[in-house]
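Trainee: Could you walk me through how the labels on a model like this one are earned?
Mentor: Gladly, let's take them one at a time.

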Amino acid sequence: MIGSELLLEILDKEGLDIKKQHTDCGKLIYDTKKQNTPAGASGCGCSAAVLSSAFLPALKEKALENILFIPTGALMSPLTVFQKESIPSIAHLVWLSKERG
């Protein structure tokens, strides 16, 4: 949730409002009212689960036409954490569309 809120805040400062189109895979999997999951969910696990169970079927059924899918994750290393260094992150952008071509 923290990363999602930061993204919306940064884009809002740039004049971009994606609140209606944006969702967070962790938010779709976890019940934030019953579970303490503000940040640190498995980016690769959440994104793979939501992509295969929700987004791809919605694209196939034409409930969605285009998906800009950007899974994120932290490149965790015990050495970096113990040395109090910043933790690098990664994101891959994938555009999925119902159109062929």
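Here we ask why certain residues carry the labels they do.

Mentor: Before we start, this is a predicted model, in which local features need pLDDT of at least 70, side-chain atom pairs count only at pLDDT 80 or more, and totals for chains, interfaces and linings use all residues. Residues are numbered from 1 along each chain as its sequence is written, and side-chain values use heavy atoms, with hydrogens and water left out.

Trainee: Why is Ser4 called buried?
Mentor: Buried means under 20% relative accessible area, exposed over 50%, and partly exposed in between (1.4 Å probe, protein chains only). Ser4 has 4% relative accessibility, so Ser4 counts as buried. Its place is in helix H1, residues 2-13; helices (H or I, at least four residues) and strands (E, at least two) are DSSP runs, numbered from the N terminus.

Trainee: Which residues is Ser4 in contact with, leaving aside its neighbours within four places in sequence?
Mentor: They are His22, Asp24 and Lys27, where contact means heavy atoms within 4.5 Å.

Trainee: What makes Ser47 buried?
Mentor: The relative accessible area of Ser47 is 7%, and therefore the label is buried. Ser47 lies in helix H3, residues 43-60, and touches Cys25, Phe69 and Pro71 when residues up to four places away in sequence are not counted.

Trainee: How do you know that Lys13 and Glu9 meet in a salt bridge?
Mentor: A salt bridge is a side-chain nitrogen of Lys or Arg within 4 Å of a carboxyl oxygen of Asp or Glu. For Lys13 and Glu9 the N to O distance is 3.7 Å, so the pair fits that definition. Being four residues apart in helix H1, they are separated by about one helical turn. Lys13 is exposed at 67%, whereas Glu9 is partly exposed at 43%.

Trainee: How many salt bridges does the structure hold?
Mentor: Two. Asp17 and Lys19 also meet in one, at 3.6 Å, N to O, and Lys19 is partly exposed, with a relative accessible area of 48%.

Trainee: What makes Leu68, Ile70, Leu93 and Trp95 a nonpolar patch?
Mentor: Patches are made of residues with over 30% relative accessible area and no salt bridge: like charges are joined within 9 Å, nonpolar side chains (Val, Leu, Ile, Met, Phe, Trp, Tyr) within 5 Å. Together these four have about 480 Å² of accessible area, by the Shrake-Rupley method with a 1.4 Å probe, where for residues only the protein chains shown count as cover. Trp95, in strand S4 (residues 94-97), has a relative accessible area of 60% and is therefore exposed.
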